[in-house]
Amino acid sequence: MALKMSGWVAFLCAVGLSFPAGAGREQVELPEFAAKHLKATMRDHLEALERVTRLLAEGSYDKAADIAEERLGMSSVEIHYERHVGKYMPTEMRLLGTRMHEAATSFAASARRAEGTGAADERLLAALANVMEGCTACHKHYRTQ
Ligand code: HEC
């Protein structure tokens, strides 16, 4: 685990160093159908985040976990990326995608714990922020047009 984490830290540092602030984003060439699919997926991601946040506000933690896992978590990888878009992404970009999906799955686990205790805590909000960090990390480094 420690090794896995330090691997990620090294990876993220490498990505950060190769794209200093203001240096612009790397353009990724995707076939047209894949670019369209990516954007549709992205809009669904944002909608899912809205829904998840709303459900948290309503105290429906289990439902928030379901949406997060189905639409953003590792369960969604097959549908969203691997078959359609993921295979056209540069490796580092795909890894950033996987990291976001892992964060969403981890958030879902936190939300299920909150359902058990009946209350959201800082850890749950931090887990949600980690998902959003997964979004922004990729947006900072890559563009399609
Ligand atoms: C692996 C990389 C990656 C991850 C992770 C990622 N995105 Fe994106 N997203 C992109 C790229 C590339 C674009 C196209 C941006 C561009 O060309 O300027 C995009 C575009 C978008 C758009 C605009 C869609 C449109 O119709 O133009 C939205 C909204 C969006 N992302 C939301 C999200 C949200 C919310 C998350 C996290 C839950 C997320 N994205 C995670 C790469 C990513």
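Which residues of α6 are buried? Keep that question in mind while you set up the view.

**Whole chain**

Begin with everything displayed. This is a predicted model. The chain contains 6 helices and 2 strands, and from the N terminus on its elements follow the order α-β-α-α-α-α-α-β. There are 145 residues, of which 23% count as buried. Among contacts with a separation of 6 or more, 74% are made by residues 24 or more positions apart.

**Helix α6**

Select residues 122-141, which form α6. The buried residues here are Ala127, Leu128, Val131, Gly134, Cys138 and His141. The helix has 20 residues, and the distance from its first C-alpha to its last is 28 Å, close to the 28 Å expected at 1.5 Å a residue. Now look along the helix axis. An α-helix has 3.6 residues a turn, so residues three or four places apart point the same way. Compare that with the positions of the buried residues Leu128, Val131 and Cys138, which are among those in α6.

**The nonpolar core**

Next, select Ala64, Ala68, Ala104, Phe107, Ala111 and Val131. These residues have the most contacts inside the largest nonpolar core, which has 20 residues in total. Colour α2 (32-57), α3 (61-72), α5 (91-117) and α6 (122-141), the elements that give two or more residues to this core. The greatest contribution is that of α5, with 8 residues.

Stay in the core and centre on Ala68. What is Ala68 in contact with, leaving aside its neighbours within four places in sequence? Its contacts are Val52, Gly73, Ala104, Phe107, Ala108 and Ala111.

**Helix α2**

Select residues 32-57, helix α2. It has 26 residues and reaches 38 Å from first C-alpha to last, close to the 38 Å expected at 1.5 Å a residue. Leu38, Val52 and Leu56 are buried in this helix. Val52 is also one of the contacts of Ala68. After α2 comes Gly59, which has a positive phi, near 75°.

Move back along α2 to Ala34. Is Ala34 buried or partly exposed? Ala34 counts as partly exposed because 19 other C-beta atoms lie within 10 Å, while a buried residue needs 20 or more. Apart from neighbours within four places in sequence, Ala34 is in contact with His84, Val85 and Tyr88. Draw a distance from Ala34 to Met89: the two are 55 residues apart in sequence, and their C-alpha atoms are 9.9 Å apart.

**Around the ligand**

Show the ligand and the 20 residues around it; Met42, Gly97, Cys135, Cys138 and Thr144 come nearest. Elements giving two or more residues to this shell are α2, α5, α6 and β2 (142-143). The largest share, 6 residues, is from α2. Colour the shell by residue class to find 11 nonpolar, 6 polar and 3 charged residues. Cys138, which comes near the ligand, is also one of the buried residues of α6.

**Strand β2**

Finish at Tyr142 in strand β2. This residue counts as partly exposed because it has 18 C-beta neighbours inside 10 Å. Which residues does Tyr142 touch, not counting residues up to four places away in sequence? They are Arg25, Glu26, Val28 and Met93. For a last distance, pick the C-alpha atoms of Tyr142 and Pro90: these residues are 52 apart along the chain, and the separation is 9.9 Å.

Technical notes
Residues are numbered from 1 along each chain as its sequence is written. This is a predicted model: local features need pLDDT of at least 70, side-chain atom pairs count only at pLDDT 80 or more; totals for chains, interfaces and linings use all residues. A nonpolar core is a set of buried Ala, Val, Leu, Ile, Met, Phe, Trp, Tyr and Cys residues joined through C-beta atoms within 7 Å. A residue is buried if 20 or more other C-beta atoms lie within 10 Å of its own, exposed if 12 or fewer, and partly exposed in between; C-beta atoms are placed from the backbone. Helices (H or I, at least four residues) and strands (E, at least two) are DSSP runs, numbered from the N terminus. Two residues are in contact if their C-beta atoms, placed from the backbone, lie within 7 Å. A residue is near a molecule or strand if its C-beta atom, placed from the backbone, lies within 6 Å of it. Ala, Val, Leu, Ile, Met, Phe, Trp, Tyr, Cys and Pro count as nonpolar, Asp, Glu, Lys and Arg as charged, and the others, Gly among them, as polar. The expected span of a helix is 1.5 Å times one less than its number of residues.
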